[in-house]
Amino acid sequence: MTIPPHWTIRRLAGVIGAEVIGPDIRNPTAETVAAIRQLLLEHLVIFLPGQAPSPEEHVAFARHFGQLEGHPNLGGGEGLPPEIFQLAASEGGIADEWHTDITFDASPPLMSVLHLVQCPEYGGDTMWSSLYAAYEALSPPLQELCEGLTALHDALPHNRPDRMTIHPVVRVHPETGRKALYVNSHFTRRIVELSAGESDLLLGYLTRWIASERFTVRYQWRPGSIGIWDNRCTAHYVLNDFVGERIIQRATVTGDRVEGASPPRWQPAVGDERLSAANRHDQQLFNYLRAEGRIGAEVRGYGDLLPTEERDAQQTP
Ligand SMILES: O=C(O)CCC(=O)C(=O)O
Ligand SMILES: [Fe+2]
């Protein structure tokens, strides 16, 4: 696949992000869609200024990349197609914490197409970071440790802490085969195989690490600009440095289950003491593991975790 010769690709930072001038997202040809896919795999997030699609054109364009989904927890916008999720700053919709979208689901979105509908005169840029670069820049011992770990994610920021899942800390991108460091401060709560204190320490480090400047790009929006990101290998963050209104509309493409770089190497570390109220995420992890059948119903505290063989035997019908 080649990029149409009349398109201009301008890289915006060292490891992620490019601005693409030339495509028209209304009624795109198969070549346009294929070229955008290719640019997305290469640059992880791409920006197409001056598009200003209607909500229907926006949805029609995003459909070329897969099945679309509405937001699982938050409402869309009045009078908009159900596939469009809208965030308006005046309604408290400012995504100013680093996150990868919807990682509290077993199958988080594959990618999103964002339309900057109303833009503050200054401020309100969005940053993306490459989770590939974040993984690759870890030291080999930390890479190896992270590859054997999994983490609990939940939808607490949407008032749904009961919506949870466990993902590998290092995922493999299904198309590029590259490894990505898959944690974020918004939704990731607890590393399953570490004690609560160890988890807090390592997660604190890793979630700050993915936001290091050298892994990022920062984009200054204009009304009508489109941003498209691969949600499998990036995180993003809105700079809450503006006044006035800022409205985005997003169409979201459904993703697959997250594949780990390797299987978890250790058992869940929910401790060898009685379950106590001292750490919410211990309790939450315990409840999740129990609901998933990874802890027997008769077990009252972490100390009683079943040995692996017994658990496997219980799960065999
Ligand atoms: O407002 C933005 O620039 C991004 C908002 C966001 O986090 C999202 O649409 O997923
Ligand atoms: Fe987001």
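Ala52 is placed in the loop that runs between β3 and α2 (55-63). In this predicted model, the phi angle of Ala52 is near 40°, a positive value in a residue other than glycine. Ala52 is classed as partly exposed because 17 other C-beta atoms lie within 10 Å, a count between the limit of 12 or fewer for exposed residues and that of 20 or more for buried ones. Leu44 likewise has a positive phi, of about 75°, although it is not a glycine. The position of Leu44 is in the loop between α1 (30-43) and β3 (45-48). With 29 other C-beta atoms within 10 Å, Leu44 is buried.

At the level of the whole protein, the secondary structure comprises seven helices and 16 strands. Of the 317 residues, 39% are buried. Among contacts with a separation of 6 or more, 76% are made by residues 24 or more positions apart.

The largest nonpolar core contains 71 residues, of which Leu131, Leu181 and Ile210 touch the most other members. Two of these core residues, Leu181 and Ile210, are themselves in contact with Leu131. Beyond neighbours within four places in sequence, the contacts of Leu131 also take in Ala180 and Tyr182, together with Cys233, Thr234 and Ala235. In soluble globular proteins, nonpolar side chains tend to be buried together.

One open sheet consists of three strands in the order β13-β7-β15, with antiparallel pairing. Strands β13 (216-219) and β15 occupy the edges, and each has a single partner strand, so one side of each lacks a neighbour in the sheet. On average, neighbouring strands here are turned by 20° against each other, direction ignored. The antiparallel pairing of β7 (residues 126-130) with β13 extends over four bridges. Within this pairing, Ser129 has Thr216 of β13 as its bridge partner.

A further open sheet of three strands is arranged in the order β9-β8-β12, also with antiparallel pairing. Its edges are formed by β9 (160-168) and β12 (188-191); each of these has a single partner strand, so one side of each is left without a neighbour in the sheet. The average turn between neighbouring strands of this sheet is 25°, direction ignored. Strand β8 (residues 150-155) is joined to β12 in the antiparallel sense by three bridges, and Ala151 has Ile191 of β12 as its bridge partner. Strands of a sheet pair through backbone hydrogen bonds, either parallel or antiparallel.

Strand β5 is mostly covered, with four of its five residues buried. Five bridges connect β5 to β16, and the two strands run antiparallel. Ala88 has Ile247 of β16 as its bridge partner. Ile247 also lies 8.5 Å from Ser90, C-alpha to C-alpha, although 157 residues separate Ser90 and Ile247 in sequence. Ser90 belongs to the loop between β5 (84-88) and β6. Ser90 counts as exposed because it has 11 C-beta neighbours inside 10 Å.

The surroundings of ligand 1 comprise Leu87, Ala95, Asp101, Ser112, Leu114, Thr126, His236, Val238, Ile248 and Arg250. By class, this shell has five nonpolar, three polar and two charged residues. At least two residues of the shell are supplied by each of β6 (111-118), β15 (234-238) and β16 (247-253). Strand β15 is thus represented both in the shell around ligand 1 and at an edge of the β13-β7-β15 sheet. Strand β16, which also contributes to the shell, is the antiparallel partner of β5.

Gly17 is located in the loop between β1 (8-11) and β2 (18-21). With 25 other C-beta atoms within 10 Å, Gly17 is buried. Leaving aside residues up to four places away in sequence, Gly17 touches Leu12, His43, Val45, Trp128, Val217 and Tyr219. The C-alpha atom of Gly17 is separated by 9.9 Å from that of Ile228, which lies 211 residues away along the chain.

Key: Residues are numbered from 1 along each chain as its sequence is written. Chains are lettered from A and ligands numbered from 1 in the order in which they are written. This is a predicted model: local features need pLDDT of at least 70, side-chain atom pairs count only at pLDDT 80 or more; totals for chains, interfaces and linings use all residues. A nonpolar core is a set of buried Ala, Val, Leu, Ile, Met, Phe, Trp, Tyr and Cys residues joined through C-beta atoms within 7 Å. Two residues are in contact if their C-beta atoms, placed from the backbone, lie within 7 Å. A residue is near a molecule or strand if its C-beta atom, placed from the backbone, lies within 6 Å of it. Ala, Val, Leu, Ile, Met, Phe, Trp, Tyr, Cys and Pro count as nonpolar, Asp, Glu, Lys and Arg as charged, and the others, Gly among them, as polar. Two strands pair if DSSP finds at least two bridges between them. Axes are lines fitted to C-alpha atoms, for helices over the stretch in contact, and angles run from 0 to 180 degrees between N-to-C directions.
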